[in-house]
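User: I am new to this structure and would like a close look at a single part of it, followed outward into its surroundings. Please take your time and connect the pieces as you go.

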Amino acid sequence: MNIDRELHGMLGKVEKPARYTGGEINSVKKDPESVSVRFGFAFPDIYEIGMSYMGLQILYDVLNRNDDIYCERVFAPAEDMEKLMRESGRELFTLETRTPVKELDILGFTLQYELSYTNILNMLELGNIPCRSEDRGEEYPVIVAGGPCAYNPEPLADFIDLFIIGDGEEIQEKICDVWKRSESKEAFLKAVCALDGVYVPKFYEPVYNEDGTVKEIRKLYEGAPDRVKRAVVKDLDSTAFPVRNIVPFIETVHDRAVVETFRGCTRGCRFCQAGMIYRPVRERKKETIERLAMEQLDNTGHDELSLLSLSTSDYSRFEDLATELMGMCAGRNVALSLPSLRMDSFSFKVLDEIQGYRKSGLTFAPEAGSQRLRDIINKNITEEDIFGAVEQAVRLGWEHIKLYFMAGLPGETYEDLAGIGDIAKRIMDINYAVRGRKGGRFRVTVSVSNFVPKAHTPFQWAAQDTDEMFIEKHNFLSGKLRIKGVTFNYHETGTSRLEAVLARGDRKTGRVLEAAHGLGCRFDSWSDKFRKELWDEAFRMTGTDPDFYSSRERSYDEVLPWDVIDPLIRKEYLIEENERARAAKTTPDCRQGCTGCGINRYAECFSNADMTEVRDV
């Protein structure tokens with residue numbers, strides 16, 4: 001592995017040194033002198049979390065297939081390693097060649113969660129790279145960021161040179177190609193901003209009203225687009241997908257082979273950003289999925305296979321696929337995991353066959369405690385669906401049911417919250433009815449997360465509950481869920497508020513982020529690392545009211561900080577959906593006919609209906 005003496009000494013003093021050595025099975029080795037572009041894929045969390053992210057494996061594979069590009073990996077060091085690095089002056093380095101990240105051409109961060117933002121600044125600092133774009137000259141790499149959080153890039157706009165909006169498989173390679181042909185950073189940024197999916201924040205300037213809202217987004221470079229259209233991979237089946245995944249030396253969060261069956265969702269839940277920004281549905285052929293799965297298992301030695309999508313059983317040939325994969329996996333002594341299943345008869349048959357006598361917990365996500373609120377959020381399931389599925393699960397021998405709900409949804413009342421307790425109690429009653437009063441070891445776990453409004457969703461204008469409101473609701477639920485056999489878990493309120501601030505923040509919130517990092521904030525998504533008092537101090541230092549971003553309802557005519565980004569979904573459609581929510585009207589699944597979101601202007605949608613049909617609003 002060619003580890004120098006200094007690093008060898010450091011690794012002897014830290015937990016899990018394999019986080020920093022590289023050299024894993026299937027990691028790519030190239031001569032850095034033989035390539036034109038050196039790209040660092042930076043995951044702003046520790047190795048075990050980053051290596052479980054399939055997007056890393058996909059882009060690592062795509063870029064390294066190009067002989068002229070060397071993609072290496074970079075992760076946030078754990079606290080023990082960071083301490084040693086700061087003491088010794090060791091700069092943040094890549095795993096493949098242990099090259100200091102400041103010597104790369106492009107350093108790209110993935111934005112999976114807003115609470116990882118301080119880690120990005122910390123990693124730049126550890127790499128001896130100025131955090132602010134304006135302070136980085138030609139001697140520093142271009143700093144890139146992409147992922148779902150990039151759909152509101154403004155809180156990071158002062159730190160990132162360019163954002164990738166949308167699917168990254170094709171656009172990343174194009175960006176590297178433009179870099180090869182550019183004589184300077186400025187020339188590169190002016191050339192690359194012409195590509196769909198590329199947002200260069202320095203070419204735009206937000207202008208503010210006296211009340212702090214955005215008045216307009218002024219374009220500073222004429223060659224930049226008025227709005228940045230997201231990049232879309234139109235044919236997923238022919239798009240490269242890794243079959244020689246890197247196999248870590250240490251246990252990671254998800255240690256298994258994974259194949260993406262399709263991308264996108266047709267269900268239209270109004271709180272769900274992924275369901276909006278990943279439209280339209282694009283499927284891989286069943287035969288392609290099976291081939292990729294078997295090749296991955298052959299090349300990695302994993303003993304578990306999982307399918308990746310927003311809703312696995314929505315795949316158009318799910319029954320055939322699941323049946324054939326069960327046979328293939330059984331012949332290889334490989335466990336098959338099918339997450340995010342719709343709980344119909346076939347899904348239960350599949351799960352019963354997969355798990356046999358060792359049945360793990362089943363997960364249901366009603367999201368809301370009443371049918372009225374489920375209609376508001378367009379979660380098109382009924383109590384009959386929930387309780388029918390639970391009864392079938394109990395009869396088949398499952399002993400643990402996990403339920404996921406949200407608190408603070410638009411239109412929510414305490415009657416809706418009380419409904420969560422009613423659902424949990426009725427599930428326990430179903431168990432007693434099927435198994436008798438003793439009921440065995442049956443358990444129900446109710447987990448409640450706090451609603452966070454996200455950009456480019458029908459609820460992007462909604463106010464989030466205050467900390468006090470969330471605490472009151474959690475206390476109310478604690479009383480309602482004092483039921484024998486039921487466990488209640490809820491999300492911490494401080495992180496939810498911060499997530500909302502960063503999810504809907506403007507460019508001014510970057511000052512808060514910078515101040516929080518300076519105060520020592522990092523790993524904010526970890527409950528034991530989050531320090532609310534430091535963030536409160538950062539808000540005070542910068543004169544920023546977090547409630548302005550989290551708890552303020554916006555009007556339809558307000559210019560939103562992320563309006564410069566075009567997700568290919570009509571803003572008018574989001575307004576229509578928000579109005580339907582206020583009237584508690586549902587919108588059918590796209591597979592039953594086009595609902596008029598606008599995506600079919602750019603890409604062919606998956607549907608069994610005529611996609612030219614637009615619903616009567």
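In which loop is arginine 19 found? Please start there and then describe what lies around that part.

Analyst: A word of care comes before the details: this is a predicted model, and everything below describes that model. Arginine 19 is found in the loop between helix 1 (5–11) and strand 1. Arginine 19 has a relative accessible area of 7%, and because buried means under 20%, this residue counts as buried. Leaving aside residues up to four places away in sequence, arginine 19 touches Ile46, Tyr47, Glu48, Ala78, Leu95 and Ile250. By contrast with these contacts, asparagine 66 is 47 residues from arginine 19 in sequence, and the two C-alpha atoms are 26 Å apart in space.

The loop leads to strand 1, and strand 1 belongs to an open sheet of six strands, ordered 2-1-3-4-5-6, in which the pairing is mixed. At the edges of this sheet stand strand 2 (69–75) and strand 6 (198–199), each with a single partner strand, so one side of each is left without a neighbour in the sheet. Strand 1 pairs with strand 2 in the parallel sense, over seven bridges, and within strand 2 it is arginine 73 that stands opposite phenylalanine 41. Helix 5 packs on the sheet, where it touches strand 1, strand 2, strand 3 (106–110) and strand 4 (142–146), and its direction makes about 155° with that of strand 3. Helix 6 (residues 169–180) also packs on the sheet, touching strand 1, strand 2, strand 3, strand 4, strand 5 (162–164) and strand 6, with a direction that makes about 140° with that of strand 1.

Strand 1 also takes part in the aromatic contacts of the model, of which the structure holds 14 pairs. In one of them, the ring centres of phenylalanine 43 and tyrosine 53 are 5.7 Å apart and the ring planes stand at 45°, so this pair is tilted. This pair links distant parts of the chain, since phenylalanine 43 lies in strand 1 (residues 37–43) while tyrosine 53 lies in the loop between helix 2 (47–50) and helix 3 (54–64), 10 residues apart. Phenylalanine 43 is buried, with a relative accessible area of 7%, whereas tyrosine 53, at 23% relative accessibility, counts as partly exposed. Another aromatic pair, formed by tryptophan 179 and phenylalanine 188, is edge-to-face, with 5.3 Å from centre to centre and 90° between the planes. Both tryptophan 179 and phenylalanine 188 are buried. Ring pairs also join Phe163, Tyr199 and Tyr204 into a cluster.

From the sheet and its rings, one can turn to the nonpolar interior. As background, nonpolar side chains tend to be buried together in soluble globular proteins. The largest nonpolar core here has 98 residues, and among them Leu107 and Leu162 touch the most other members. Helix 5 gives the largest share of this core, six residues. Not counting residues up to four places away in sequence, the contacts of leucine 162 include Val142, Ile143, Val144, Ala145, Ile175, Phe188 and Tyr199. A second, separate core has 62 residues, including Val243, Ile401, Ala407 and Met428.

Helix 5 leads on to a later part of the chain as well. The buried residues of helix 18 (residues 532–542) are Leu534, Trp535, Asp536, Ala538 and Phe539, and what covers them includes helix 5 (117–126), together with helix 16 (493–503), helix 17 (509–519) and helix 19 (546–550). Just after helix 18 comes glycine 543, which takes a positive phi of about 65°. Arginine 552 lies over the face of phenylalanine 548, at 4.2 Å from the ring centre. In a further charge-and-ring arrangement, the charged end of lysine 508 sits over the ring of tyrosine 208, 4.2 Å from its centre.

The model also has an open sheet of three strands, in the order 10-13-14, whose pairing is parallel. Its edge strands are strand 10 (257–260) and strand 14 (335–337), each of which pairs on one side only. Neighbouring strands of this sheet are turned by 20° against each other on average, with direction ignored. Strand 10 and strand 13 (residues 304–308) pair in the parallel sense over four bridges, and the bridge partner of glutamate 260 in strand 13 is leucine 308.

Terms used:
Residues are numbered from 1 along each chain as its sequence is written. This is a predicted model: local features need pLDDT of at least 70, side-chain atom pairs count only at pLDDT 80 or more; totals for chains, interfaces and linings use all residues. Side-chain values use heavy atoms; hydrogens and water are left out. Two strands pair if DSSP finds at least two bridges between them. Helices (H or I, at least four residues) and strands (E, at least two) are DSSP runs, numbered from the N terminus. Axes are lines fitted to C-alpha atoms, for helices over the stretch in contact, and angles run from 0 to 180 degrees between N-to-C directions. Rings of Phe, Tyr and Trp (its six-membered ring) pair if their centres lie within 6.5 Å; planes under 30 degrees apart count as stacked, over 60 as edge-to-face and the rest as tilted. Buried means under 20% relative accessible area, exposed over 50%, partly exposed in between (1.4 Å probe, protein chains only). A charge sits over a ring if NZ of Lys or CZ of Arg is within 6 Å of the ring centre and within 35 degrees of the ring normal. Contact means heavy atoms within 4.5 Å. A nonpolar core is a set of buried Ala, Val, Leu, Ile, Met, Phe, Trp, Tyr and Cys residues joined through side-chain atoms within 4.5 Å.
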